[in-house]
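Please take a moment to look over the sequence and the model shown here before reading on. The paragraphs that follow start with the whole chain and then turn to its parts.

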Amino acid sequence: NHTLFIGKVQSVRSNATKLRITAVDGLDELARREFSRSYEKKSARNIVKEVLAAASLQAGELATGPTFASYLLPPSMSALAHLRRLAETCGCSLYADSAGKVHFTAPPTGDAKHKFAFSKDVVSIDLAASAFAYDCVQVRGEGAASEKGQQKAHFLPQSPANVIGRAGGG
């Protein structure tokens, strides 16, 4: 008997042929929390420790990483987005282990430590590509500076043709 995962059950669905249990780890808690703060003369490790403590998550192995003169976690981003950006900046990995601890580690050196064989270690894999909701985006702005000059920028244009931007192929 070996524990593979500690987390929270998010949903249970069944049909005639299978039972699907969706469970989430501590990274889900980070994804649901917004977090903003600024730091001065703090190491990456201390920043990660503070974010994990605010989310009531247990810290596992935390790499020290660089010390930043200043580092900003801007508002309207999730705590997970902040820590992923910090991990990318430091060349570290961010993950939760089977015991529920969140790790911020430097990449290991040498050969891979784990090997997985399909049907032996991995029972099934579902890969799905998500299509973009839109294949084209068109943006319209308002401003007469292009028609009347900078001194008339406060007027609405008669023709919006000069203030339309378009990207995509649809």
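Of the 170 residues in the protein chain, 26% are buried, where buried means under 20% relative accessible area, exposed means over 50%, and partly exposed covers what lies in between, with a 1.4 Å probe and protein chains only. The model is a predicted one, in which local features need pLDDT of at least 70 and side-chain atom pairs count only at pLDDT 80 or more, whereas totals for chains, interfaces and linings use all residues. Residues are numbered from 1 along each chain as its sequence is written, and side-chain values use heavy atoms, with hydrogens and water left out.

The protein chain contains four helices and nine strands; helices (H or I, at least four residues) and strands (E, at least two) are DSSP runs that are numbered from the N terminus. Along the sequence they follow the pattern β-β-α-β-α-β-β-α-β-β-β-α-β. If we consider contacts, meaning heavy atoms within 4.5 Å, between residues at least 6 apart in sequence, then 51% of them join residues at least 24 apart. The surface that the protein chain exposes comes to about 12,700 Å², of which carbon and sulfur atoms supply 52%; such areas come from the Shrake-Rupley method with a 1.4 Å probe, and for residues only the protein chains shown count as cover.

We can begin with the strands at the start of the chain. Strand β1 (residues 8-14) and strand β2 (residues 19-24) run antiparallel and are joined by six bridges, two strands being counted as paired if DSSP finds at least two bridges between them. One of these bridges links V12 to its partner I21 in β2, and the connection from β1 to β2 is a hairpin through four residues.

Further along, β7 takes part in pairings with two strands. With β6 it pairs in the antiparallel sense over four bridges, while strand β4 (residues 59-62) runs parallel to β7 and is joined to it by two bridges. V102 appears in both pairings, since it is the bridge partner in β7 of A96 and also of A59. The strands β6 and β7 form a hairpin with five residues between them, and G100 in the turn has a positive phi of about 90°. Are the faces of β7 covered or uncovered? Both are covered, for V102 and F104 on one side and H103 and T105 on the other are all buried.

What do the buried nonpolar residues form together? In soluble globular proteins, nonpolar side chains tend to be buried together. A nonpolar core is a set of buried Ala, Val, Leu, Ile, Met, Phe, Trp, Tyr and Cys residues joined through side-chain atoms within 4.5 Å. The largest such core here has 27 residues, among which L30, V51, L52, L83, L86, L94 and F104 touch the most other members. Two or more residues each come from α1 (26-32), α2 (44-54), β5, α3, β6 (93-96) and β7 (102-105), and α3 gives the most, with six residues. Leaving aside residues up to four places away in sequence, L94 touches L27, L80, L83, R84, A87, V102, H103 and F104.

The region from β5 to α3 deserves a slower look. A search of the whole structure finds one aromatic pair. This pair is made by F68 and Y71, and it is tilted, at 4.6 Å centre to centre and 45° between the planes; rings of Phe, Tyr and Trp (its six-membered ring) pair if their centres lie within 6.5 Å, and planes under 30 degrees apart count as stacked, over 60 as edge-to-face and the rest as tilted. Both F68 and Y71 are buried.

In the loop between β5 (67-73) and α3 (79-90) lies S78, which counts as buried because its relative accessible area is 19%. The side chain of S78 reaches the backbone nitrogen of A81 at 3.0 Å, a polar contact (a pair of N or O atoms within 3.5 Å; within protein, one must be able to donate a hydrogen and the other to accept it, and residues adjacent in sequence count only if both atoms are side-chain atoms). Residues up to four places away in sequence apart, S78 touches L30, A31, R33 and E34. S76, found in the loop between β5 and α3, is exposed because its relative accessible area is 63%, and it has a positive phi of about 65° although it is not a glycine.
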